[in-house]
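Trainee: I am new to this structure and would be grateful for a close look at a single part of it. Please begin at one turn of the backbone and then connect that part with its wider setting.

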Amino acid sequence: MAATEAHSPRTYGNFRKPRASGLRGLSLGATLLLFGGLIAVVLTTLISLWLALALAGVLALVMAPLAVRDRHGRTLMQRGAVRLAWWRSTSSGSNLYRSGPLGRAGGGTCRLPGLAAQSTLSEARDGYGRPFAMITVPATNHHTVVVSCDADGAALVDERQVDIWVAHWGQWLSALGTEPGLVAASVTVETAPDPGVRLQQEIGANSADDAPELARAMLRDVVAAYPSGSAQISTRIALTFSGAPRAGAPRRNAEEMAVHIGTRLPGLTAGLSMTGAGTAVPMTATELAEAVRVAYDPTVAQLVEEARAAGGTGLTWDEAGPIAAQEAWDHYRHDGVHSITWAMTEAPQGEVFSNVLTGLVQPNRDIARKRVTLLYRPHSRAEGARVVQQDYKNALFTAQQSPLGRASDDAEVVAARKATEEQAQGHGVIQFGLLITATVDSAADLPRATAAVDNLAPAARIAVRPVYGSQAAAFAAALPLGLVLPLHTALPQTVRDAM
């Protein structure tokens with residue numbers, strides 16, 4: 001981050017995507033393959049020129065899918081792998097989900113589909129005695145706690161206070177790298193129509209029996225008219241801890257992780273008080289199950305609010321999923337509504353102001369429900385130092401490849417050098433991504449929601465693309481469930497890097 005002058009608005013930037021360590025943007029594996037192929041072609045010329053030309057043609061055909069990229073930086077090999085995975089998914093029918101009494105999954109329950117199908121929900125108490133829900137994903141041995149925040153908002157707040165909030169938010173994110181066992185975090189801002197149940201309950205509980213008729217009539221008009229067009233904004237922060245065994249210690253189970261998270265949670269929520277997040281309270285098991293249920297079936301939002309106001313028992317984790325879901329190539333249908341999820345492919349370039357994402361997270365009249373999720377994966381001190389040093393070396397290597405030099409390469413070297421200096425001064429290093437989910441009532445509204453996101457993304461200085469072929473997984477990742485997508489992929493990390 002950088003400030004131009006003391007009286008000027010503070011700007012933020014230097015969001016870096018680590019460069020590949022290969023030649024001209026190629027990965028290291030593709031570069032080694034290219035060099036090995038060229039050496040083989042040269043040696044083959046000693047045997048036969050025609051054979052060497054044939055081998056060169058084969059090398060070009062092999063390298064083309066690894067070198068040719070689209071405007072979002074994806075190679076032909078990656079796009080082909082996605083198409084192959086989608087064909088296998090539709091052929092096996094795994095893109096269809098049916099639950100409930102007549103379903104084939106969950107034994108008559110409505111469990112979550114896809115990546116969260118095996119997840120379980122338990123409840124414990126933290127150091128302050130507050131109950132908190134903990135989601136356990138056995139496949140990755142991850143345990144997630146969700147914190148609900150009542151964000152203050154930046155309306156009528158001076159720039160100095162906003163800068164203080166941003167500074168404390170940066171410090172809070174930087175401290176995540178030192179949290180024992182914490183592997184990921186996410187911030188979900190969801191906007192949805194306000195059903196008005198809470199307003200009706202609040203007015204009913206505070207109305208006097210002897211109030212004037214004019215006041216009663218005015219309040220009745222407010223209850224009837226206010227929910228129309230109003231929006232409900234929810235902010236939730238998910239913190240994911242790993243139960244992997246430490247050096248010389250056995251693997252920790254859910255009960256031990258609940259104790260560990262309970263001791264860390266008071267400090268983490270207290271650190272949010274200076275970031276503008278407002279009151280940060282852990283979500284209970286019932287609250288989390290209701291939030292996920294409404295995400296999959298927005299039509300029950302008012303029923304959930306009414307049941308909560310009436311003091312009902314609430315939903316369980318086995319009732320939080322949809323009755324039916326069907327994944328298409330470019331959208332996701334679940335319980336009568338349709339959703340599209342986009343992923344960020346390019347972070348803001350240059351310097352931006354603190355309100356760069358304001359338009360993106362605000363309610364939009366063309367989208368019934370909108371969910372913007374920032375995904376974070378913090379690095380430890382040692383990992384952060386290694387990442388920034390490697391990025392600086394790769395930037396230098398790329399700049400030295402051009403004999404005349406390019407201004408963009410020189411700027412990359414300066415930015416990478418600045419990142420190493422800031423990391424050496426104690427700043428944290430964290431990976432981040434962004435998912436946008438738009439949910440509409442019918443398929444006919446999908447083009448209008450797509451056009452709205454296409455207009456909002458450039459205003460936020462980011463580039464996004466629909467998550468083709470993985471809409472169901474992206475929808476689940478945008479929910480506060482603590483899913484770390486790189487650990488759920490079919491290909492190992494080394495193969496993905498080579499591609």
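Mentor: Just after helix H9, glycine 311 takes a positive phi of about 80°. Helices here are DSSP runs of H or I with at least four residues, strands are runs of E with at least two, and both are numbered from the N terminus. The model is predicted, so to speak of local features requires a pLDDT of at least 70, side-chain atom pairs count only at pLDDT 80 or more, and totals for chains, interfaces and linings use all residues. Residues are numbered from 1 along each chain as its sequence is written, and side-chain values use heavy atoms, with hydrogens and water left out.

Helix H9 covers residues 301-309, and its buried residues include Ala301, Val304 and Glu305. Buried means under 20% relative accessible area, exposed over 50%, and partly exposed in between, with a 1.4 Å probe and protein chains only. Seen down the axis of H9, the buried residues fall within an arc of 100°, so they line one face of the helix. The arc is that of the directions from the helix axis to the C-beta atoms.

The loop that runs from H9 to strand E8 (324-327) holds aspartate 318, and arginine 111 lies in the loop between strand E1 (96-98) and strand E2 (120-125), so their pairing ties together parts that are 207 residues apart in sequence. The side chains of aspartate 318 and arginine 111 meet in a salt bridge, at 2.5 Å from N to O. A salt bridge is a side-chain nitrogen of Lys or Arg within 4 Å of a carboxyl oxygen of Asp or Glu. Side chains of opposite charge can pair when their charged atoms come close. Aspartate 318 counts as partly exposed, at 32% relative accessibility.

The structure holds twelve salt bridges. One of them joins aspartate 391 to arginine 16, with the closest N and O atoms 2.7 Å apart. This pair links distant parts of the chain, since aspartate 391 is in helix H11 (residues 381-401) and arginine 16 is in the segment before H1, 375 residues apart. Aspartate 391 is buried at 6% relative accessibility, while arginine 16 is partly exposed at 22%. Glutamate 179 and arginine 264 also meet through their side chains in a salt bridge (3.0 Å, N to O). Glutamate 179 belongs to the loop between helix H4 (159-176) and strand E5 (182-193) and arginine 264 to helix H7 (residues 254-271), so this pair ties together parts 85 residues apart in sequence. Glutamate 179 is buried, with a relative accessible area of 13%, and arginine 264 is partly exposed, with 30%. In addition, Glu190, Arg236, Arg369 and Arg371 are linked in a network of salt bridges.

A positive phi also occurs at residues other than glycine. Most residues other than glycine have a negative phi. Asparagine 14 nevertheless has a positive phi of about 60°; its place is in the segment before H1, and it is partly exposed, with a relative accessible area of 30%. Asparagine 141 has a positive phi of about 55°. It sits in the loop between strand E3 (131-137) and strand E4 (142-149), and it is buried, with a relative accessible area of 10%.

The segment of asparagine 14 leads to H1. The 17 residues of helix H1 (residues 28-44) should span 24 Å at 1.5 Å a residue, and its end C-alpha atoms are 24 Å apart, which agrees; the expected span is 1.5 Å times one less than the number of residues. The buried residues of H1 are Ala30, Thr31, Leu34, Gly37, Val41 and Thr44. Viewed along the axis of H1, they fall within an arc of 155°, so they line one face of the helix. On the other side of H1, Leu32, Ile39, Val42 and Leu43 are exposed.

Two of the residues on that exposed side also belong to a surface patch: Ile39, Leu43, Leu46, Ile47 and Leu51 form a nonpolar patch with about 580 Å² of accessible area together. Patches are made of residues with over 30% relative accessible area and no salt bridge, with like charges joined within 9 Å and nonpolar side chains (Val, Leu, Ile, Met, Phe, Trp, Tyr) within 5 Å. Accessible areas come from the Shrake-Rupley method with a 1.4 Å probe, and for residues only the protein chains shown count as cover. Leucine 51 lies in helix H2 (residues 49-67) and is partly exposed, with a relative accessible area of 46%.
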